[in-house]
Structure formats: C-alpha cells, structure tokens
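Visitor: I am new to this structure and would be grateful for a close look at a single part of it. Please take me through the salt bridges, one after another.

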Amino acid sequence: MTEKTYNVLFLCTGNSARSILAESALNRLGRGRFHAYSAGSYPRGAVNPYALDLLRRQNYPVDALRSKSWDEFAAPGAPELDFVFTVCDNAAGEVCPIWPGQPMTAHWGLPDPATVEGSEAEKRLAFADTMRLLHNRIGSFVSLPLESLDKLSLQNRLRAIGRGS
C-alpha cells in the first residue's frame, strides 16, 4: 500500500521570507511524505536575498523557489491541498480563496525577519531564528500520527503547534 503524500501550502502576504523558509523546511523534513508549497496574497515577486542565503548555507535547493500569488493554488489544475498554514498575521486576517481539497487550516504566525533593522549580523540572526522556529513547528507537525487522529483532534494539535505549545 502506498503512503499518502500530503500537500501543504504556507501563506504569507509577500511570499518572500517566512513562507519560503517553511516550504523548504517541510520539503526536507517531510521526507517525501509531504509536498510543500508557498504563496502570498500580495507576492513581492522575488525571494528575500537573506532567505536564499540562509537556505543555501544550509544546503537547501533554491533554484525552484519563487514568490507567487496564492491564486495559483485556487485555479483549476492546482494541487489538492490537505493543509494550509498562515505564517504571518496579515495573511491570517485576509479572506482566502477557496482551496481545492477542503484543507485543514491553522495560523502559525511569526515575526517577519525581513523587517528587522540593524546590522548585517542582526538581519541574518533574525532569519536564522525564524528558520529555527519553523523547523521546530514543522518537526512537530510531521511527527503527528495524521492517519489516526480524528479531525477535531488534528485541528487542535495544528493550532497548538502554532501557539508553540
């Protein structure tokens, strides 16, 4: 029997930093059991250079990463989504498109590392901290016994991950 591959979409307004980092982390940590995507309600059109640099330094593939609109995932032919997570407070408050597949949703808000002012080291540290937090949340997510949890229990666990509990 083939194990199900879960499609997961990470959303943020600009799709240039947090959602891109989350997409990369889940694609690695999910070990083929998950296929992660990212998108934004108002995509910046380019991935933040600090995000790309961090991912490269941690040996993540970056060539296919791009800042894109969430409309791509609501269009005909889009992958059927199992989960949608917002990683910024702005996207969490917006009216989202109707996603194919009726995915479970949760808010995993994090501060935007792209807004950090300061030295080069402080900016890099902000991105590293964001990646660490995402890595921890995604690690908790991929360890959930998805097949054996009822919908309410799963929804509660997803929300708890977003709260850091």
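In particular, by about how much of a helix are R57 and D53 separated in helix α2?

Guide: The model shown here is a predicted one. To begin with the pair in the request, R57 and D53 are four residues apart in helix α2, and their separation is therefore about one helical turn. The general geometry of a helix is relevant here: with 3.6 residues a turn, residues three or four places apart point the same way. R57 and D53 form a salt bridge, in which the closest N and O atoms are 3.0 Å apart. R57 has a relative accessible area of 49%, so it is partly exposed. D53, at 23% relative accessibility, also lies above the 20% under which a residue counts as buried, and D53 is therefore classed as partly exposed.

This pair does not stand alone. D53 and R57 belong to a network of salt bridges that also links E120 and R124.

A second pair is found in helix α4, where D129 and R132 lie three residues apart, about one turn of the helix. The closest N and O atoms of the salt bridge between D129 and R132 are 3.9 Å apart; the cut-off for such a pair is 4 Å. D129 counts as partly exposed because its relative accessibility is 31%, and R132 counts as partly exposed at 45%.

A third salt bridge joins D82 to K4, with 3.2 Å between the closest N and O atoms. D82 is in the loop between α2 and β3 (83-86), while K4 is in the segment before β1, so this pair ties together parts that are 78 residues apart in sequence. Its two members fall into separate classes of accessibility: D82 counts as buried, with a relative accessibility of 17%, whereas K4 counts as partly exposed, with 40%.

The pairs described above are among the 10 salt bridges counted in the model.

Helices α2 and α4 also appear in the surroundings of another helix, α1. The buried residues of helix α1 (residues 18-29) pack against α2 (49-57) and α4 (120-142), as well as against the strands β1 (6-12) and β2 (34-40). Of the 12 residues of α1, 10 are buried, so α1 is largely enclosed by the rest of the structure. Among these buried residues are R18 and E23.

Technical notes. Residues numbered from 1 in each chain as written. Predicted model: local features only at pLDDT ≥ 70, side-chain atom pairs only at ≥ 80, totals over all residues. Heavy atoms only, no water. Helix = DSSP H or I, 4+ residues; strand = E, 2+ residues; numbered from the N terminus. Expected span 1.5 Å × (residues − 1). Buried < 20%, exposed > 50% of the residue type's maximum accessible area, 1.4 Å probe, protein only. Contact = heavy atoms within 4.5 Å. Salt bridge = Lys/Arg side-chain N within 4 Å of Asp/Glu carboxyl O.
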